[in-house]
Amino acid sequence: MADYRRIADRIADDIAAGRLRPGDRLPPQRVFARRRGIAGSTAGRVYAELVRRGLVIGEVGRGTFVRAAPPGPAGRALAEPAGAAPVNLELNYPSAPGQSELLAAGLAPLLRPDVLTDALRTAPAAGTPAAREAAAGLLATAGWRPAPERFLFTGNARQAIAAALAHLVRPGGRVGVEALTYPLVKEIAARLGVTLVPLATDGEGLRPEAVAAAHRAAPLSAVYAQPTLHNPTSVTTGDVRRSELARVVRELDLPVIEDRIWSFLLGGDPGTEGSDGRGSGEEAPPPLAAYAPERVFVVDGLSKRVAPGLTVGFLVVPRGRAEQAADAVRSGGWAAGRFALEAGARWIGDGTVGRLVAAKRADAAARQRLVAEHLAGFAVRGDPRAYYAWWELPEPWRADTFCAAAAERRVAVTPGSAFAVPVVGAGRAEREVRAPAAVPASDCVRLGLASVPLSELAGALRTLGEVARGGP
């Protein structure tokens, strides 16, 4: 059988040499297979490999096209620098003024030799008693306070997602996700041999009937969802819809992985106080775990609240699941380092995290005001408290050509296709509830607002507005 990777290499060479140009359409897979004398399944793997490398983009009903913008490293569009574009609105790691000084003060006690000796030892997946107590207080909301003994700790939230999927889903299993989802979840699923099933959403988030229909079509092993400040749309699911989702997953006996990594921006966390010592911001809705505690695995972490370089991921598991889930953390090599655990617990306990959170809430609001100012008149969706915005581009723009035009003006943005989950073998029941989005992801871009100075952000948004008005 032909090695699909070698065939993909030859197509990649054609793209690099200019024999295939941006916007060129590849032949349908069956035609490609016939011309190359290979099996249809091999052609499918070639096209999937090209998509994985970021060299082509597949659009349902349109075909497969050579990307108009030079791709970044495969699978890393939201985690690595964007290369030539100096204003990078793909990255999305917030930073607060004076952050390093605040963090340094919290680390100072750890640097005493007697304390450092303990901090440099290994830690179990369940962390330390101090870390469990600190994390439980940090994540508590009105109506929900996780028990410390249900916490597991990983190097970051992405590893917590991977551990939860590895614990819940065998290779070949199906996991329901919002039709637009966190791109690295797609990469994690691919590495674990898990199939993602896109589920319909609306203005309230994930639709319960979509979960039920997908499960009836072929059993799901789990659901992964972001009901609070969904990335990229920033939709937050209301109480009634959360109750409906809890009812459905209970009836179907489905576990849920709930990603709450951005929920701290909504305010109201008892563990995150403002600089005046009082809680700040509008109350965050309770997690799905408050409605179905026996079914929901909660993922959160410190990377957005604190910093990506020295961080900890949290995995809160249902009662009775800690030991089995800990096995998944250990087998994947995803356990948090003890130094990071100790630092995180100290930063939570001394109020450093609370002060950083208060500053980042104010910062996110300021950045959204810049979006409203410089992209007025465009169809830009975003919660005024979120660090990202979802832009439905005006006709005749498509995301890929817009990203290329923006890159020429030295601004990097993320095409909506990076978040879209392809439909694989959908049955009739699934298709009935998978209403097409009003605007396809291929006609949208995600703006990450967190990682550049405010002055640079304002200039980049002005530039993007000029590009959009100018037309392709």
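The legends below describe four close-up views of a predicted model. Residues are numbered from 1 along each chain as its sequence is written, and side-chain values use heavy atoms, with hydrogens and water left out. Because the model is predicted, local features need pLDDT of at least 70 and side-chain atom pairs count only at pLDDT 80 or more, whereas totals for chains, interfaces and linings use all residues.

**View 1. An open sheet of four strands, with helix 14 packed on it.** The strands follow the order 14-15-18-17 with antiparallel pairing, where two strands pair if DSSP finds at least two bridges between them, and where helices (H or I, at least four residues) and strands (E, at least two) are DSSP runs numbered from the N terminus. Strand 14 (379-381) and strand 17 (414-415) are the edge strands, each pairing on one side only. Strand 17 is joined to strand 18 (residues 444-448) by two bridges in the antiparallel sense, and Pro 415 has Val 445 in strand 18 as its bridge partner. Helix 14 (residues 399-408) touches strand 15 (388-392), strand 17 and strand 18, and its direction makes about 45° with that of strand 18; contact means heavy atoms within 4.5 Å, and axes are lines fitted to C-alpha atoms, for helices over the stretch in contact, with angles running from 0 to 180 degrees between N-to-C directions.

**View 2. The packing of helix 2 (residues 29-36) with helix 3 (residues 40-52).** The two axes lie 8 Å apart at an angle of about 110°, and helix 2 and helix 3 are therefore roughly perpendicular to each other (angles under 35 degrees count as roughly parallel, over 145 as roughly antiparallel, 65 to 115 as roughly perpendicular and the rest as oblique). Gln 29, Phe 32 and Ala 33 of helix 2 meet Gly 40, Ala 43, Gly 44, Val 46 and Tyr 47 of helix 3.

**View 3. The contact of helix 9 (residues 208-217) with helix 10 (residues 239-252).** The axes come within 9 Å and cross at roughly 15°, so helix 9 and helix 10 are roughly parallel to each other. Helix 9 contributes Pro 208, Val 211, Ala 212 and His 215, while helix 10 contributes Arg 241, Glu 244, Leu 245, Val 248 and Leu 252.

**View 4. A salt bridge between the side chains of Arg 191 and Glu 187.** The N to O distance is 2.9 Å, where a salt bridge is a side-chain nitrogen of Lys or Arg within 4 Å of a carboxyl oxygen of Asp or Glu. Arg 191 and Glu 187 both lie in helix 8 (residues 183-192), four residues apart, about one turn of the helix. By this rule the count comes to 21 salt bridges.
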